[in-house]
Amino acid sequence: MIRLISTMFAATALLAAARADAQQQQGGFDLDGPAIAITVTRDGETLPIAAVPSLKGGDKLTVRAMLADTKSARYLLIGAFLRGAANPPPKEWFTQVETWHKKKNVLELTVPEGAEQALILLAPNTGGGFDTVRDAVRGRPGVFVRAAKDLHQASLDQTRLETFVTTIGTIADTRPEQLATAAPLLAKALGIKLNAECLTRPRALQASCLTQNREALVLQAQRGTTLAETLTGTPVDVAYRIAATPEAGAGYYSPYIGLARDVARLFGAFRTAQYQYLPALTVASGDSIQLKLNAPPSFQNPRSVLLAPLPPIGVATPPVWQSGSRSPICLARADAAIPLDDASLLFATGYARDLTLSVVSQGKASSIPVVADLAAGGIRPADPAALAGFTSVESGVLQGKWGFDRFSGPSLPVVLDPPGAWKAEPDAMVVIGRDHALTLSGGAAACVAQVTLAGAGGTAQTIEWNPDAPDRIEAKLPLKEQRPGPLTLTIARHGAAASQSIALTARTEASRIERFIVHLGDRDAVLHGARLDQVAQVDLAGQRFTPGNVTRGPDGDRLALQADSSFTAQPVAKSAVATATLRDGRVLRVTATIAPARPSATLISRQAEYQPAAGVLPITLPDALLPEQATLNFSFRIANGALVDAIELKAKDGSTARLDFASGALQRVSDDVVIAAANPRALFGHSLSGPLQFRLLAPDAAGDWQPLAHIVRLPGLAGLACKTGQDECALSGDQLFLIAAISETADFARPVQVPIGFVGASIALPRPTGDTLYLRLHDAPDTAVRVRVL
């Protein structure tokens, strides 16, 4: 007990001294330290350090400190490799050069096999300094392993932040009128928290407001334990309680920079009379890294040893980006930019290079060079002139290099259409005396720049149009005052020198009412005929239907109508007579079809069949969640004896798939109970997430959409590794970016947040007390799922 009290007293005193330092360091890592030039060579290819996301065994590094040519301070440049917190590295994994020598000041390093982390240290020359630093690292490898990991992650965050601040400043100086529009795009692209209130301030004050409280701008980085390892010999629970006190600096640090400050306090716990260790963040540019310090270095005992992280050692995880647009994007647009989600490191670092868009045009595979466009939050063609040789493109795949390694993906919805692709549907006949909705199909809607209409006199007017599908648009022709005769519709396309002209014929058409259709129990009805824009109301069996939108189909007009309540005419008859009142007061009789009620069903049960891949931990999901790769078996009861032919499934993106009895996907158990089996990914042919709905299809009607399940994509968790004597574990696997948060309790009282766009292969976690972890997935953030890891 006496020893524990003594330990707590010493720890509290040590951290109380750090409180004053904390209050003086509110500016974060904003002091410029030395710059270090580094290149990395692998398999004969040499890259600057800014283009290297990770190292691997056998890589050769050339390191040179870019110090002022003075004799006031002499530094040893030291390279060190580590192999885990519990395994001290051998002495030969440490190399030094004396930076003040003009000919022997370059450090040549080769990454040894088995190394896991790498550090660069700058130590003042005091005689025996190299041995002192080497012994410190070998004596406490866990401290330096923690430093290498946390400082590297914080450096990436710092790079994102500096990119945001620099770009905001450039826009404010050169194009201040665009700042309010550009700031949200920059914040989304770089994962920066945007203060929207700043955009309501006067233009001259917006930039300074957007970059205030810089440390709090970066979205929270992944963190492991904080001060549990800071106090050597202190029990973990005591260290946590001390860390929560004001004396330990609680409340002074933002989440983003907190992990680097933890490392700073970590080194403060074992400073010597000769040296103290000063962690630095790094901002890479070209072949150099600029050290960023949060305290000025000391040149008196204890002197400051600057410590900077190098990229982690291991297999580089390829980028996992997603298209930021579900709608097609025309490559020929002058402002063509394909947005990417979760791609902050693409814009903030130089890891991505040689980017191309692999496309298929006229059956031939080709590549279009592209570049990252931070302002647009995506990529764009490097040279628009390179598109001249392409006549049509339906999709593309982003490819390139991530450091030394090639990557492919994601697929991007890019399009180009050939000249002359548009045609009028169902024909080129249009009706005058009203605004006529004309459907055009065959081209790429995203590539349409303008639509004009000209009469016999040749005077053209710009007309409104809207995309109706990727290859279809609807043009609104203003024909109320138009005379019968020839018309010319002209479609101008982005990037095309010549426009396409379509000859139309304008004619008159009298009002014609053919049939009225309504389903029992519906409020909605449909009237078929011609010139239905003249209809004011329709009455049937004492209920009034008021008109909505008129659309033109192959057989004439279609008018949607709606009643104030559900149609419940009694007795039920298959046909009746309705009255249609026109706007000029005329009343016309029309045959009305009263169709049976739309089919509906009650879900009885559902069960997912899912077998994770070998070596992947199974994740237990609630009944409502369905793994993307799973087969869903479910049963439902058909109401009111409706005759059902099939069912239809609909995904979140609006795509649909059909299940029927003929294929065996549906099986009838009784007259009103049906069992269905469906693999959504196989049915829809692409990756899915979000709500999945179903509806019944009868010969004469389709039912309403009903919820069926919620599809989620699952990460492939390999396991949780906890080293003996350590309070930090590593949860490894692939597609970890699908996880939003991790907790050892279902209430997520102390969650570990996974940053958006996380591309690592493992996540650091506090050692759990049990054998179960709980996850929240981005695809279902309000639902907890669980996985046994031990």
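Student: Where does pLDDT stay under 50 at residues 1–27 or elsewhere, and how many contacts does the model have there?

Tutor: This is a predicted model, in which local features need pLDDT of at least 70 and side-chain atom pairs count only at pLDDT 80 or more, while totals for chains, interfaces and linings use all residues. Residues are numbered from 1 along each chain as its sequence is written, and side-chain values use heavy atoms, with hydrogens and water left out. Over residues 1–27 pLDDT, the predictor's confidence in each residue from 0 to 100, stays under 50, and the model has 32 contacts (heavy atoms within 4.5 Å) beyond four places in sequence for them. Residues 220–257 also stay under 50, with 95 such contacts.

Student: What is the mean pLDDT of the protein chain?

Tutor: The mean is 82, and 86% of the residues reach 70 or more. Among the elements, which are DSSP runs numbered from the N terminus (helices are H or I, at least four residues; strands are E, at least two), helix α6 (residues 236–243) has the lowest mean at 32, and strand β2 (residues 45–48) has the highest at 95.

Student: Switching topic, how many aromatic pairs are there?

Tutor: The count comes to ten, where rings of Phe, Tyr and Trp (its six-membered ring) pair if their centres lie within 6.5 Å, and planes under 30 degrees apart count as stacked, over 60 as edge-to-face and the rest as tilted. One of them is Phe 144 with Tyr 277, an edge-to-face pair at 5.6 Å centre to centre and 85° between the planes. This pair links helix α3 (residues 141–174), which holds Phe 144, to strand β8 (residues 275–279), which holds Tyr 277, and the two residues are 133 residues apart.

Student: Are Phe 144 and Tyr 277 buried or exposed?

Tutor: Both Phe 144 and Tyr 277 are buried, meaning under 20% relative accessible area, whereas exposed is over 50% and partly exposed lies in between (1.4 Å probe, protein chains only).

Student: And which strands do Phe 516 and Phe 545 lie in?

Tutor: Phe 516 lies in strand β30 (residues 512–519) and Phe 545 in strand β33 (residues 543–553), so their pair ties together parts that are 29 residues apart in sequence. Phe 516 is buried, with a relative accessible area of 0%, and Phe 545 is buried with 0% as well.

Student: Which residues form one aromatic cluster?

Tutor: That cluster is formed by Trp 321, Tyr 351, Trp 402 and Phe 407.
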